[in-house]
Amino acid sequence: MGGENRYLGLAYLSPYIIGLLVFTAFPFAYSFYLSFTDYSLMSSPEWVGLDNYTKLFTRDRTFDKSLKVTLIYVFSTVPLKLVFALFIAVILNYKLKAINFFRTAYYVPSILGGSIAIAVLWRYVFADTGLVNMALEAIGLEGVNWFGDPTNALFTITLLRCWQFGSAMVIFLAALQGVDKSLYEAAAVDNANPWQVFRHITLPLITPVIFFNLIMQSVQAFQEFNGPYIITNGGPLKSTYLLPLYIYDKAFKNFEMGYASAIAWILFTMIMILTVVAFWSSKKWVYYAGDKRS
Amino acid sequence: MTIATTNVSTVEEMERVNQMIARRHKINSVIRYVLLIVVGFVMLYPLIWLIGASFKTNSEIFSNPGFWPKEPTISGYVKGWQTSTPYTFGHFFWNTFLIILPKTVGTCISATLVAYGFARFEFPMKKVFFSLLIATLLLPNVVTRIPQYLLFRDMGWLDTFLPLWVPSALAGDAFFTFMLVQFLRGIPRDMEEAARVDGANSLQTLWYIVTPLLAPALISVALFQFMWTMNDFLGPLIYLSSVDKFPVSLALKLSIDTTEAFDWNQILAMSVLAITPALVVFFVAQKYFIEGISSGGVKG
């Protein structure tokens with residue numbers, strides 16, 4: 001098809017190419033440049049070399065705190081969410097009658113989870129006399145100060161994201177249903193117990209999907225904004241002040257565009273490092289069907 | 001003789017083992033159901049409670065963990081709908097719609113054109129462009145946000161809806177394009193080739209042959225774009241400054257900031273309204289969500 005004109009395909013791509021240049025490629029390069037400037041919107045950007053980065057890593061206590069909180073958040077949220085998603089997917093993968101019902105029910109939070117309405121709900125659910133504490137008191141436990149204590153506050157934000165495990169679960173479930181049934185029959189003949197079957201048959205076969213979920217979820221977790229912004233507004237004591245909040249404040253409240261760009265680039269670099277490490281290590285642990293391994 | 005007895009006992013033995021296995025299966029499946037129901041209930045109860053609480057009086061919201069309001073009232077809806085601004089929530093829903101419509105239509109059209117180009121044509125630099133598509137799929141927005149803001153400022157687009165939908169209408173959401181490319185690659189080309197033989201040009205082939213086949217995937221694209229736009233908060237927060245242009249997400253944030261400290265039921269009532277469109281669309285079209293997500297993999 002399209003044999004008569006080898007540029008016809010490019011014509012179909014033209015919206016994408018325009019968008020890519022104007023809204024992605026140019027901003028990407030420009031933001032790198034901005035990160036080496038002092039730019040407060042009042043005058044044109046002023047080149048300051050590595051000053052922004054030096055300041056961030058040596059003199060900015062808020063950045064230290066924010067970086068630390070972000071890393072804790074990402075490395076607790078992503079594994080917790082994925083393990084939970086996989087656990088539920090494995091249970092659903094047994095031939096249960098109401099599988100579609102459960103799949104739909106578990107997916108609902110993923111549909112709504114990013115919305116402001118749910119962040120608002122979270123404030124009520126974890127308030128001092130909110131739903132969670134009412135429930136705890138009903139079973140004779142003491143209520144918890146969710147938003148007053150730094151560790152608890154971060155935990156509520158983490159829970160909000162784990163609550164949205166549905167999309168990861170649906171992807172896992174699709175992968176589990178794609179596993180060749182004859183392998184399970186072979187395992188049954190060999191008297192393997194359920195854990196052995198999961199560990200040695202299921203898990204290796206779904207590694208590509210685990211890998212995919214891991215990358216996507218991490219990239220998103222690093223950019224979490226709505227939850228901490230609405231629920232805790234970064235507090236208390238900046239315990240939920242994730243880097244995207246810091247970037248937002250610097251860029252759109254203080255209008256320090258250069259400085260904010262430098263933070264954005266540090267965040268971007270972390271995401272890239274994680275992605276590259278994941279890709280690199282995937283050669284060791286991700287199994288693709290049809291792989292020829294000697 | 002001895003052989004026969006052995007056989008009988010083996011059969012009995014096997015039956016017993018089978019019964020045991022059957023019983024264990026039954027117990028296991030009961031455990032699974034109980035687990036799924038308990039987990040599902042704990043997860044969904046906050047949402048159920050939200051709906052009930054939106055009909056409660058303000059004093060009851062923080063004292064009644066149950067679903068049923070003791071003294072049901074719709075004052076939260078009535079007063080919440082009025083808002084503390086000169087506009088009602090209806091106005092904010094209309095604004096959301098004015099963003100969603102061009103964004104969704106634009107996404108469907110541009111993603112279809114681009115996916116068609118990738119899946120059905122050979123052209124110079126195809127590999128480069130496809131690699132760039134994958135790269136943008138993984139590119140975090142956070143790194144392009146500030147220059148985009150400056151760009152829109154220089155174009156005079158601040159405080160308009162344009163920054164919120166134009167990039168998507170130029171196939172800016174690489175995920176959708178990628179999903180459609182994958183879908184198209186799975187569709188055989190026989191019909192398209194037949195159309196070509198009959199003298200249809202590539203655009204006619206796209207419109208009359210490919211688009212109908214692509215329909216299920218396009219519905220998924222439209223639904224996800226609808227959902228994400230409905231939930232989008234940071235975009236409007238950065239680009240919109242006048243209250244009369246606020247979409248629902250910003251209006252809700254505004255109502256938390258401005259509503260009297262004790263008018264909780266107004267905020268909860270408006271939260272219920274804010275999630276209703278997404279919930280309704282999801283339940284009506286859940287099949288497309290699950291299919292879209294399983295085939296392409298989705299954020300969320």
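Me: In this predicted model, is Ala171(B) buried or exposed, and how should I read such a label?

Reply: The idea is to count neighbours around a residue: 20 or more other C-beta atoms within 10 Å make a residue buried. Ala171(B) has 30 other C-beta atoms within 10 Å, and is therefore buried. Ala171(B) belongs to the loop that runs between α7 (162-169) and α8 (174-185) of chain B.

Me: What is the phi of Ala171(B), and how is its sign to be read?

Reply: In general, most residues other than glycine have a negative phi. Ala171(B), however, has a phi near 55°, which is a positive value in a residue other than glycine.

Me: Which value does phi take in Phe255(A), and where does that residue lie?

Reply: Phi of Phe255(A) is likewise positive, near 55°, and the residue is placed in the loop between α13 and α14 (257-285) of chain A. Because 13 other C-beta atoms lie within 10 Å of its own, Phe255(A) counts as partly exposed.

Me: Which residues does a cis peptide bond join?

Reply: The general expectation is that most peptide bonds are trans. Here, Gly235(A) and Pro236(A) are joined by a cis peptide bond whose omega is about -10°, and Pro236(A) sits in the loop between α12 (226-231) and α13 (243-253) of chain A.

Me: How many residues of chain B are in contact with chain A?

Reply: An interface can be read by its residue counts, its elements and its classes. In this case 69 residues of chain B are in contact with 78 residues of chain A. Helix α1 (residues 2-53) of chain B supplies the largest share of the side of chain B that touches chain A, with 11 residues, and by class that side has 43 nonpolar, 18 polar and 8 charged residues.

Notes:
Residues numbered from 1 in each chain as written. Chains lettered and ligands numbered in written order. Predicted model: local features only at pLDDT ≥ 70, side-chain atom pairs only at ≥ 80, totals over all residues. Contact = placed C-beta atoms within 7 Å. Helix = DSSP H or I, 4+ residues; strand = E, 2+ residues; numbered from the N terminus. Nonpolar A, V, L, I, M, F, W, Y, C, P; charged D, E, K, R; others polar. Buried ≥ 20, exposed ≤ 12 C-beta atoms within 10 Å, placed from the backbone.
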